[in-house]
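Subject: Handover of a structure

Dear colleague,

Please find below the structure that I am handing over to you, together with its sequence. A summary of what was found in it follows.

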Amino acid sequence: MRVGIARERLRGERRVAATPETVTQLKALGLEVLVESGAGAESGHTDASYTGAGATVVPQLTPGDLGVYCHVRPLTPEFAATLPAGTVTVGLASPASELATVAALATAGVTAFALELVPRISRAQSMDALTSQSLVSGYRVVLEAAIRFPRFFPLYMTAAGTIPPARVLVLGAGVAGLQAIATAKRLGARVSAYDVRPASADEVTSMGGTFVNLDLDAVEGAGGYARELSEDRAVRQRELLAPYVAAADVMITTAAIPGRAAPLLVTHDMVTAMRPGSVVVDLAAETGGNVEGVVAGQDTLVPTEGGDGTVTLVGMKDAPSTMPADASRLYAKNVANLLALMTVDGAVTPDFTDEVVAGACLTHAGTIRHAPTAAAVT
Ligand code: NAD
């Protein structure tokens, strides 16, 4: 069976769905691999390196020639409509927002696997692209803060005086937040963190952070994810967070609710109450933002309330693509491992009795199998 590896078309997207290493893995499964010319260029992989691993490099993939189409970013509805019935697609699909594409995939009879839907269970960890890409984002977001912060992160005791460590506050301690804590700690900052899920307290501590315990009831929903707060409780949460935000030199926000807009954790007034020179990086900027006024892909200078300076508010965009080599290395393994789970005798043959396969499948045989997405489309 032929597997095609797409060259990503979306501006700003620098990752690729296969590396020469995973081409070797796919070939060993008996699959034939076609790579679109230039697909790996931004991730450091030349066409020749794919050829060397046993792939065939083609100027452009022809959907009708492929059994499987692997991609990073969600497909467009127009492209989805060109895929022959029975084609298997594997990639990120943003099912909560890309409803037109989901509908087009179902209408075309495509068997689409959305990596966002891979169950968060131990057996599926090697296929979990949300985790692998959040690891990249959580690391990068701290570096973005550090280069904009006009001070050091670590404590320095020098003959010329003592420099205190930066105080970093991380809001949202999921995969990205925990990685942000670890990265800020490695840079020598004093780190505290908050998450609405009580289970995260131990994880924050194990990363070397101090858990901020707000007097707010726990909200943990299905699958270990957070649930959306009622408006009353969201307001209370912001009130309780305000003094911690004001005391921070650097704040990293990563809070998310699957399938929903990002929760607003920090108001404009809370930002203006920070000290001049403080830096806020919002990883949730692309899904509405945790911080009021954030613009994805832009830095905004917010005047402090005393009028004595500004706070730099950074709207992160395409975070995993800022480190395309390692983001692709991990993503490509996630894709190859999911394909390996479904490949029998050189053909991708999904077994829907497997909970990972069934859970990750977005559309199949003309239907939308993911119930919340099906409800949103109709
Ligand atoms: P996510 O990206 O959906 O959200 C990021 C964090 O934001 C979460 O920790 C969430 O609790 C937090 N959050 C949401 N609303 C908030 C609010 N109002 N205030 C403060 N924080 C808020 O989460 P994620 O990183 O994908 O992880 C979600 C869960 O899945 C976690 O429990 C994680 O440990 C678990 N997980 C399990 C596996 C596995 O077992 N294979 C793998 C990865 C993650």
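One open sheet is built from 7 strands in the order E11-E10-E9-E12-E13-E15-E14, with mixed pairing. Helices (H or I, at least four residues) and strands (E, at least two) are DSSP runs numbered from the N terminus, and two strands pair if DSSP finds at least two bridges between them. At the edges stand strand E11 (210–211) and strand E14 (299–303); each has a single partner strand, so one side of each is left without a neighbour in the sheet.

This is a predicted model, in which local features need pLDDT of at least 70 and side-chain atom pairs count only at pLDDT 80 or more, while totals for chains, interfaces and linings use all residues. Residues are numbered from 1 along each chain as its sequence is written.

Within this sheet, strand E9 (residues 167–171) and strand E10 (residues 190–194) run parallel and are joined by 5 bridges. Leu 169 stands opposite Ser 192 in E10. Helix H8 (residues 231–247) packs on the sheet and touches E9, E10 and E12, its direction making about 145° with that of E9. Contact here requires C-beta atoms, placed from the backbone, to lie within 7 Å; axes are lines fitted to C-alpha atoms, for helices over the stretch in contact, and angles run from 0 to 180 degrees between N-to-C directions. Helix H6 lies across E9, E10 and strand E12 (250–253), running at about 170° to E10.

A further open sheet, also of mixed pairing, has 8 strands in the order E3-E2-E1-E4-E5-E6-E18-E19. Its edge strands, E3 (56–58) and E19 (367–368), each pair on one side only. Strand E5 (residues 88–91) pairs with strand E6 (residues 111–114) in the parallel sense over 4 bridges, and Thr 111 in E6 is the bridge partner of Val 88. Helix H10 (residues 324–342) packs on this sheet, touching strand E4 (68–70), E5 and E6.

The ligand is surrounded by 29 residues, the closest being Gly 172, Gly 174, Gly 224, Ala 226 and Ala 255; a residue counts if its C-beta atom, placed from the backbone, lies within 6 Å. Helix H5 (129–148) and helix H6 (175–186) are the elements that give two or more residues to this shell.

Finally, Leu 26 is found in helix H1 (residues 20–28). Among the residues that Leu 26 touches, not counting those up to four places away in sequence, are Val 3, Ala 336 and Leu 339.

Yours sincerely

How values were computed:
Contact = placed C-beta atoms within 7 Å.
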